[in-house]
Structures are given as structure tokens and as C-alpha cells.
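The following exercises are intended to be worked with the sequence and the three-dimensional structure at hand. Each task is followed by a solution in steps.

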Amino acid sequence: TDDNAIASELSMLFSVSKKIKEIIKIKASAEILELQKPMAYPQFQKILGSAAQNEGTEALTSIHPYRAYKLYEQSLKFSNRSLVDAISALLDANIDIVSGSKNKKITLENLIMKCC
């Protein structure tokens, strides 16, 4: 049914949204910690260990250090501008899917192209 299709597309949309939000939080935490890019894991782990009490760094300090490192590496692939563009594309895709004004499959394909 159409309701199931919309739920599926919205689920995909929310998954992408969650990942973009995570990357934004990681980038913000890295900026607060003044992390140099790129860096080796031992150096990252040392900085992270000494920054455990810094406010605003919870995205990095509240998870396992290696996972934080891999997320940090991933976040380096995105400029601030590309993240703003991704948020805008997510909003547009959400409107298109909920309103039913466009083909949902094409909307999701366009979102993927804009985010990648």
C-alpha cells in the first residue's frame, strides 16, 4: 500500500538524517578539541583521553575511542558547506515524500546524489 511505501521511504530518509546529524556533532566536537586533520589513532586517542571533561565534546568522548576515531575520519570527508547542502536536500526530500507531489524513488535517488 501507499502508506507502507511512504513509511519505508521516510525510514530511509530518517536514517540518512541521523547519519548527517552524527557527522555534524562529530565535526563540532573535533573543532572544540582543535583536532588536526588527519591524524593517527594513537595521537587521536591521547587527545581524546585528556579532553574527557570538555563541554561540547560528548559526541567524541562518550563513545569508544576507536569508533570516535573512525567517525572523525569520516567527518573529514564533509565540508561545512556540503553538510548544509545535505540538510537542505533532506528537508526538500522530506517535503516531497510527505506531500506525494513527486515520485518517491526519484526523490530518494536525487537525495543520494546530492549527499554523495
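**Exercise 1. Salt bridges within a helix**

Task: Determine how Arg81 and Asp85 are placed relative to one another in helix H5, and describe the interaction of their side chains.

Solution.
Step 1. Arg81 and Asp85 are four residues apart in helix H5, so about one helical turn separates them. The model in which this is seen is a predicted one.
Step 2. In an α-helix there are 3.6 residues a turn, so residues three or four places apart point the same way.
Step 3. Arg81 and Asp85 form a salt bridge, in which the closest N and O atoms are 2.8 Å apart.
Step 4. Arg81 is exposed, its relative accessible area being 54%, whereas Asp85 is partly exposed at 39%.
Step 5. A further pair can be treated in the same manner. Glu73 and Lys70 lie three residues apart in helix H4, again about one helical turn, and their side chains meet in a salt bridge with an N to O distance of 2.8 Å.
Step 6. Glu73 has a relative accessibility of 28% and counts as partly exposed; Lys70, at 39%, is also partly exposed.

**Exercise 2. A salt bridge between helices**

Task: Identify the salt-bridge partner of Arg67 and state which parts of the chain the pair ties together.

Solution.
Step 1. The partner of Arg67 is Glu22, and the closest N and O atoms of this salt bridge are 3.1 Å apart.
Step 2. Because Arg67 belongs to helix H4 and Glu22 to helix H1, the pair ties together parts that are 45 residues apart in sequence.
Step 3. Arg67 has a relative accessible area of 44% and is partly exposed. Glu22 is likewise partly exposed, at 24%.
Step 4. The pair belongs to a network of salt bridges that links Lys19, Glu22 and Arg67.
Step 5. The count of salt bridges comes to four.

**Exercise 3. The buried residues of helix H4**

Task: List the buried residues of helix H4 and establish how they are distributed around its axis.

Solution.
Step 1. Helix H4 spans residues 65-75, and its buried residues are Ala68, Tyr69, Leu71, Tyr72 and Ser75.
Step 2. These residues cover an arc of only 165 degrees around the axis, and therefore they lie on the same side of H4.
Step 3. For comparison, Arg67, Lys70 and Glu73 are partly exposed.

**Exercise 4. Two pockets**

Task: Describe the largest pocket and the second largest pocket by volume, lining and residue character.

Solution.
Step 1. The volume of the largest pocket is about 300 Å³. It has 13 lining residues, of which Lys27, Ala28, Ala30, Glu31 and Asn80 are the closest to its centre.
Step 2. At least two residues of this lining come from each of helix H1 (2-32), H4 and helix H5 (80-99). H1 provides the largest share, namely five residues.
Step 3. By character, the lining of the largest pocket comprises eight nonpolar, two polar and three charged residues.
Step 4. The second largest pocket has a volume of about 150 Å³. Its lining consists of Ser15, Val16, Lys19, Ile20, Phe78, Leu111, Ile112, Cys115 and Cys116.
Step 5. H1 and helix H6 (104-115) each supply at least two residues of this second lining, and H1 accounts for its largest share with four residues.
Step 6. The lining of the second largest pocket divides into seven nonpolar residues, one polar and one charged.
Step 7. Lys19 lines the second largest pocket and is also part of the salt-bridge network with Glu22 and Arg67.

**Exercise 5. Two residues of helix H5**

Task: Is Asp96 buried or exposed, and which residues are in contact with Asp96 beyond its neighbours within four places in sequence?

Solution.
Step 1. Asp96 lies in helix H5.
Step 2. Its relative accessible area is 16%; because the limit for buried residues is under 20%, Asp96 is buried.
Step 3. Apart from neighbours within four places in sequence, Asp96 is in contact with Ser101, Lys102 and Thr107.
Step 4. Asn94 is likewise placed in helix H5, but has a relative accessibility of 26% and counts as partly exposed.
Step 5. With neighbours within four places in sequence again set aside, Asn94 is in contact with Leu10 and Leu13.
Step 6. The C-alpha atoms of Asn94 and Ala28 are separated by 25 Å, the two residues being 66 residues apart along the chain.

Definitions and conventions: Residues are numbered from 1 along each chain as its sequence is written. This is a predicted model: local features need pLDDT of at least 70, side-chain atom pairs count only at pLDDT 80 or more; totals for chains, interfaces and linings use all residues. Side-chain values use heavy atoms; hydrogens and water are left out. Buried means under 20% relative accessible area, exposed over 50%, partly exposed in between (1.4 Å probe, protein chains only). The arc is that of the directions from the helix axis to the C-beta atoms. On a 1 Å grid over the protein atoms alone, a cavity is a set of points where a 1.4 Å probe fits but cannot get out, and a pocket is an open set with protein on both sides within 12 Å along at least five of seven lines; lining residues have an atom within 4 Å of a point. Grid points are joined across faces, edges and corners, and a volume is the space filled by probe spheres set on the points. Ala, Val, Leu, Ile, Met, Phe, Trp, Tyr, Cys and Pro count as nonpolar, Asp, Glu, Lys and Arg as charged, and the others, Gly among them, as polar. Contact means heavy atoms within 4.5 Å.
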